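Trainee: I'm new to this one and a bit lost. Could you pick a single part and take me through it slowly, along with whatever sits around it?

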Amino acid sequence: MDYASTYLQETRTFGELIRAADQSTPVPTCPGWTLDQLFRHVGRGDRWAAQIVRDRMDRFLDFRSVEDGRPPADLNGAIAWLNGGAQRLVDAVKVTGADTPVWTFLGPRPANWWIRRRLHENVVHRADAALAVGADFSLDAEVAADGIDEFLERIVIQAGKDGAALPLEGGDTLHLHATDPVLGEAGEWTVAIANGVVAWSHEHGKGTVALRGTATDLLLAMTRRVALADTGIAVFGDEAVWQRWLDRTPL
């Protein structure tokens, strides 16, 4: 996947969805936010990541220190600001070097890690906006599957930190099966606890609980954007295990 071009396109699509909407619309999947606040969050987040990469930072950057962190007042200017922030990150990675280590909330990572992270951040927030205004949400199956990969990669590092309970107990396992024909083995995920940490692989399995549906529906369910009842996902096994997973995984 060409992460940079996909990221830029997803950001543009998000911006056009915002352009056509009432900016004061509440966003139910981000309680307390309006579309305008969601838009600002995404745009500033891209510029925050770009500044970290450009300056080869080795520590957290205060969000209040982000350069050009506020959009112009006019809508066209604001959309240009949004798209410009994504381009700023892509350009920063090129200049800094894709493999140059920089700060991330998971510890030092290569600079191009941020493009993939911001791609999937913006994808999920595009879903937030679509759900808020009742618009259709579609996503390339390979992008959705990679979003699940990226989510699980973060869960491996983040779950159970600071004494928090792990998202699976005992011998419980979670299996996800994407029905998109194009994915093949990349559309299967089996998650378990191994040696006290979350572990996952692209393997077929039954799971204590198993979910079967499109990669897009699975991604939105895993990121708590939609309830299973509002998707075409079929559930097999112990649904309490799925609920525990949702309750104990950070976003």
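Mentor: Let's get one term out of the way: a polar contact is a pair of N or O atoms within 3.5 Å, and within protein one of them must be able to donate a hydrogen and the other to accept it. Keep in mind, too, that what you're looking at is a predicted model.

My pick is helix α5, which runs over residues 141–158. Start with its length. The helix has 18 residues, and at 1.5 Å a residue they should span 26 Å; the C-alpha atoms at its two ends are 26 Å apart, so expectation and model agree.

Now look at the ends. At the N-terminal end, aspartate 140 acts as a cap, with a side-chain oxygen 2.9 Å from the backbone nitrogen of glutamate 142. Past the other end, just after α5, glycine 160 takes a positive phi of about 80°.

What about the stretch in between? It's mostly covered: 14 of the 18 residues in α5 are buried. One residue that touches the helix is threonine 223, whose contacts beyond four places in sequence are Val124, Phe151 and Leu251. Of these, Phe151 falls within α5, while Val124 falls within α4 (113–133). Threonine 223 itself sits in the loop between α6 (215–222) and β7 (234–237). Because its relative accessibility is 5%, and buried means under 20%, threonine 223 counts as buried.

α5 also has a share in the largest pocket. Along with α2 (35–54) and α4, α5 supplies at least two residues of the lining. The biggest contributor is α4, with 7 residues. The pocket holds about 590 Å³ of space and has 23 lining residues, with His41, Arg117, Arg118, Glu121 and His125 nearest its centre. By type, the lining splits into 9 nonpolar, 6 polar and 8 charged residues.

Finally, here's where that opening term comes in. Turn to histidine 177 in strand β3 (residues 174–178). Its side chain makes a polar contact, at 3.0 Å, with the side chain of glutamate 188. Histidine 177 has a relative accessible area of 17%, which is under the 20% limit, so this residue is buried as well. Leaving aside neighbours within four places in sequence, the residues in contact with histidine 177 include Glu188, His204, Leu211 and Arg212.

Terms used: Residues numbered from 1 in each chain as written. Predicted model: local features only at pLDDT ≥ 70, side-chain atom pairs only at ≥ 80, totals over all residues. Heavy atoms only, no water. Helix = DSSP H or I, 4+ residues; strand = E, 2+ residues; numbered from the N terminus. Expected span 1.5 Å × (residues − 1). Buried < 20%, exposed > 50% of the residue type's maximum accessible area, 1.4 Å probe, protein only. Contact = heavy atoms within 4.5 Å. 1 Å grid on protein atoms, 1.4 Å probe; cavity = no way out; pocket = protein on both sides within 12 Å on 5 of 7 lines; lining within 4 Å. Points joined across faces, edges and corners; volume = space filled by probe spheres on them. Nonpolar A, V, L, I, M, F, W, Y, C, P; charged D, E, K, R; others polar.
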